Amino acid sequence: MNRFERPGLKKRILDSVSLPIITFIVILALFLYGISAISGTAAGEEKRNLENALERDIVHCYAVEGVYPPTLDYIEQNYGLTYDTDQFMIDYQVIGSNLMPHFTVIERNQL
């Protein structure tokens, strides 16, 4: 193209629209990345809170009753432990009557 020719209408429209579209896509990608990072942090914090609540309820039961809770259901019924069973699974193992039970909080993968 020489200096006396005018660019076609398609080229002018494409040039004027491409920068805003690219900018929008970049901003959208950064926004989605930020949302996923915050979601991951919140899930980790929720798991830690559940572990702390479970440990606190086990110790509270031992302090009040003199024995550790025999099952996870016992803690839920008598000490008010609630959690999202769709998001977390708790492996609760009683070692002995005078030893603190071992528990593991496992996050379920939601697809």
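From the N terminus on, the elements of the protein follow the order α-α-β-β. The model is a predicted one. It holds 2 helices and 2 strands. Helix H1 spans residues 9-65. Helix H2 covers 72-79, and strand S1 covers 88-93.

The chain has 111 residues, and buried residues make up 18% of them. The accessible surface comes to about 8,700 Å². Carbon and sulfur atoms account for 60% of that surface. Among contacts with a separation of 6 or more, 38% join residues 24 or more positions apart.

Part of the surface is a nonpolar patch of about 770 Å². Eight names make up its list: Val-17, Ile-21, Phe-24, Ile-25, Leu-28, Phe-31, Leu-32 and Ile-35. One of these residues, Leu-28, is found in helix H1. Its relative accessible area is 39%, so Leu-28 is partly exposed.

Further along helix H1 comes Gly-44. This glycine is partly exposed, with a relative accessible area of 22%. Its C-alpha atom is separated by 9.1 Å from that of Glu-107. Along the chain, Gly-44 and Glu-107 are 63 residues apart. A second pair of distant positions is formed by Asp-84 and Leu-50. These two are 34 residues apart in sequence, yet 9.7 Å apart in space, C-alpha to C-alpha. Asp-84 belongs to the loop between helix H2 and strand S1. With a relative accessible area of 34%, Asp-84 is partly exposed.

The structure holds 1 salt bridge. Its partners are the side chains of Glu-45 and Arg-48, which meet at 2.7 Å, N to O. Both residues lie in helix H1, 3 residues apart, so about one helical turn separates Glu-45 from Arg-48. Glu-45 is partly exposed, with a relative accessible area of 38%. Arg-48 also counts as partly exposed, at 44% relative accessibility.

Asp-57 has its place in helix H1 as well. Here the charged side chain is buried and has no salt bridge. The nearest side chain of opposite charge is that of Arg-56, 4.7 Å away. A salt bridge requires a nitrogen-to-oxygen distance within 4 Å, so a separation of 4.7 Å between Asp-57 and Arg-56 does not qualify. Not counting residues up to four places away in sequence, Asp-57 touches Ile-75, Tyr-79 and Leu-81.

The next residue to consider is Ile-58, again in helix H1. Ile-58 is buried, with a relative accessible area of 0%. Leaving aside neighbours within four places in sequence, Ile-58 is in contact with Tyr-68, Pro-69, Ile-75, Tyr-92, Met-100, Pro-101 and Phe-103. Ile-75 thus appears in the contact lists of Asp-57 and of Ile-58. For one of the contacts of Ile-58, Pro-69, the C-alpha atoms are separated by 6.4 Å. Ile-58 and Pro-69 are 11 residues apart along the chain.

Aromatic rings were examined next. A pair of such rings is described by the distance of the centres and the angle of the planes. The count comes to 2 aromatic pairs. In one pair, the rings of Tyr-62 and Tyr-68 have their centres 4.3 Å apart. Their planes stand at 15°, so the pair is stacked. The cut-off for stacked planes is under 30 degrees. Tyr-62 is partly exposed, with a relative accessible area of 35%. Tyr-68, by contrast, counts as buried, at 17% relative accessibility. Tyr-68 is also one of the contacts of Ile-58.

The other pair joins Tyr-74 and Tyr-79, with ring centres 6.5 Å apart. The planes stand at 55°, so this pair is tilted. Tyr-74 is partly exposed, with a relative accessible area of 24%. Tyr-79 counts as buried, at 18% relative accessibility. The cut-off for buried is under 20% relative accessible area, so Tyr-79 falls within it and Tyr-74 does not. Tyr-79 is also among the residues touched by Asp-57.

Definitions and conventions:
Residues are numbered from 1 along each chain as its sequence is written. This is a predicted model: local features need pLDDT of at least 70, side-chain atom pairs count only at pLDDT 80 or more; totals for chains, interfaces and linings use all residues. Side-chain values use heavy atoms; hydrogens and water are left out. Helices (H or I, at least four residues) and strands (E, at least two) are DSSP runs, numbered from the N terminus. Buried means under 20% relative accessible area, exposed over 50%, partly exposed in between (1.4 Å probe, protein chains only). Contact means heavy atoms within 4.5 Å. Accessible areas come from the Shrake-Rupley method with a 1.4 Å probe; for residues, only the protein chains shown count as cover. Patches are made of residues with over 30% relative accessible area and no salt bridge: like charges are joined within 9 Å, nonpolar side chains (Val, Leu, Ile, Met, Phe, Trp, Tyr) within 5 Å. Rings of Phe, Tyr and Trp (its six-membered ring) pair if their centres lie within 6.5 Å; planes under 30 degrees apart count as stacked, over 60 as edge-to-face and the rest as tilted. Lys and Arg count as positive and Asp and Glu as negative; His and the chain ends are not counted.
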